[in-house]
Each structure stands twice: as structure tokens, then as C-alpha cells.
Amino acid sequence: MPRVLSNRHVGVSLLVLTLAVAAGVAYPGDRPPIAASAPRAAAAPSATTHTPVPAAAPAPHGLPVVDYAGAPPGLPDDPDPRSTVAVTEGVHPASRRVLYDAPGGVPRAYLPPFINGVPVTVPIVARRPGWVAVLVPSVNRRMGWLTTTGWTLRSLPDQLVVRLRAHELTWLRDGVRRTSWTVATGSPATPTPVGRTFVLGRARGAGAAYGGLDVLALGSVPENRDSLPASLRGAHTGIHSWYATSSFGHSVSNGCIRVPRDGQRTLLDHLTPGTTLTVLG
């Protein structure tokens, strides 16, 4: 169960598209009316429909901040936690940004630009005029709404899918399967949280048990912290290598996803913060 300590720089890409629509005007036939001097009616200009953008309420004094320990209540559910549709863009806040429970709704928390010194990138899972919804770290299957200012858009080319019954982790890039590994997942007492989460950051592995490789800490947290040893109750779930290959293919971990050593190296080499992981039953 990892604690985030360090991370690597993530590239930024921003794409803005502008669409223009022009309306044509139909004219009468080629035979003019007898009263040729009568003026023709001017074509009415095409009407443009503007969708109103809900206003953002100011943040109240003392609004809590999402941190590594947890997120405050009141955030809405992820509307599609089992979705395996690729999420291709994420948000990196330039400063603390207010998370709302709906577009124009109630402020619930601040999303910070860093957690434990690691730059935060959260995947965009829904959009409305003037607003985006992002998955929230340190809580399971929750999202929050941000206004479309004060953050940087980041590209997320990769995607992970875990199938618990098959004990299989699949890595996709640009929607195309790259490879899969047989993995170990959480035990019945300490299950791997199902639903969508994302790579929060990179943490140092705790010695030989992790194969000498770093851990990918996830946004998800244990479903029941009291079922864990006291030393792990403040940790997040993660993806890491494991010293005992006999665990692969079984439900034996404290909730983390144990990956063969070569697979962990591949993930560490390619995945960026904000990459989504969908855990299916």
C-alpha cells in the first residue's frame, strides 16, 4: 500500500477547436413578379442558440482540501464507474481549484495542485458548458465539477483495465491493447476497490518485497481501512511488483494489484499521472 513520494514531469498538450456555421439564403425562381418594382423582403438572420453557463458560487471560508488522507463528503458518484471507454484528457490545476457537486452547485472541497509534493492530474469524465467533471483522489468512485479556468489540459494516451475474476491487468494505448499480465488482487477481507480510479503518482517500493521497483499509487483507497494492519490504514491502493510469483493469479493482497516484475517496469516506463484504471468484478 503506497504513499506517494516523487513523480516525473508530464508533458502538456492543449487543443482548442473553433467551429463556424454559416446559413445560406434561398431566392425566388427566375421569373420575377409582375410588380417588379416591389422590394423583396430581406432574409431573416439565422438565430444562434446559447446554452447558459451555470455560475460558480464563491468558496466559503474553511472549505476543506483534498489530501492524501481523504476527501470530504458531498461529492457526487462517478456516473459510470464500470466504463472502459478511454479517458483521453486530464486536468492539472495551476492552484487550488474549487470542486462543486454539480455545475453551478455547492462548493465541496479544494482540489490542490500537489498532494505530498506530487503534481496532481485528474481525468475528465464528463463535460458541460463551462464545466468539466473529474475523478477525485483519496475517495472511491467520486467525482467533482470544476469551472474551465485555472488549470492545464493534459493528454492521457494510456488506459488500464483489471478483471478481478480473471486476475488480469490489460494495458491499452490510444485504445489499442498493448499487452496483459496475470496479477494478484485483493483478498476477500481486503478487496481491490472496483470501479474507475487513476494513477495518482509514483512512490518508492518498500525493499525487496516490491522487487526493487517503484509503486504506482492510485487515487483509490481501501474499502474498509479497519480490515488492514494499522500501518496501512492511511495508504492508498497501488500497482506494484511482488517477490513471490506464486501469488499471481490469486486474490491474496491487501487490496493492491501485484504485477510481474517485467510488467511493472513497462508500466513505470510508460504511464503518466491521470491514467485511468477500471477495476471490474
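**Long-range contacts and two buried residues**

Of the contacts in the chain between residues at least 6 apart in sequence, 68% join residues at least 24 apart. The model is a predicted one, and its secondary structure comprises one helix and 19 strands. The chain has 281 residues, and buried residues make up 46% of them. Its exposed area is about 14300 Å², of which carbon and sulfur atoms supply 55%.

Two residues, taken in turn, illustrate the interior. R196 belongs to strand β14, which spans residues 195-203. Its relative accessible area is 8%, and R196 therefore counts as buried, the cut-off being under 20%. The side chain of R196 makes a polar contact with the side chain of D78 at 2.7 Å. The R196 side chain also reaches the backbone oxygen of D80, at 3.2 Å. When neighbours within four places in sequence are set aside, D78 and D80 both appear among the contacts of R196, together with P81, S83, V87, V125, L135, L277 and T278.

The second residue, T185, lies in strand β13, formed by residues 185-186. T185 has a relative accessible area of 2%, so this residue is likewise buried. With neighbours within four places in sequence again left aside, T185 is in contact with V162, L164, H167 and T192, and also with H250, S251, V252, S253 and C256.

Notes. Residues numbered from 1 in each chain as written. Predicted model: local features only at pLDDT ≥ 70, side-chain atom pairs only at ≥ 80, totals over all residues. Heavy atoms only, no water. Helix = DSSP H or I, 4+ residues; strand = E, 2+ residues; numbered from the N terminus. Buried < 20%, exposed > 50% of the residue type's maximum accessible area, 1.4 Å probe, protein only. Polar contact = N/O pair within 3.5 Å; in protein donor to acceptor, adjacent residues only side chain to side chain. Contact = heavy atoms within 4.5 Å. Areas by Shrake-Rupley, 256 points an atom, 1.4 Å probe, with all protein chains shown as cover.
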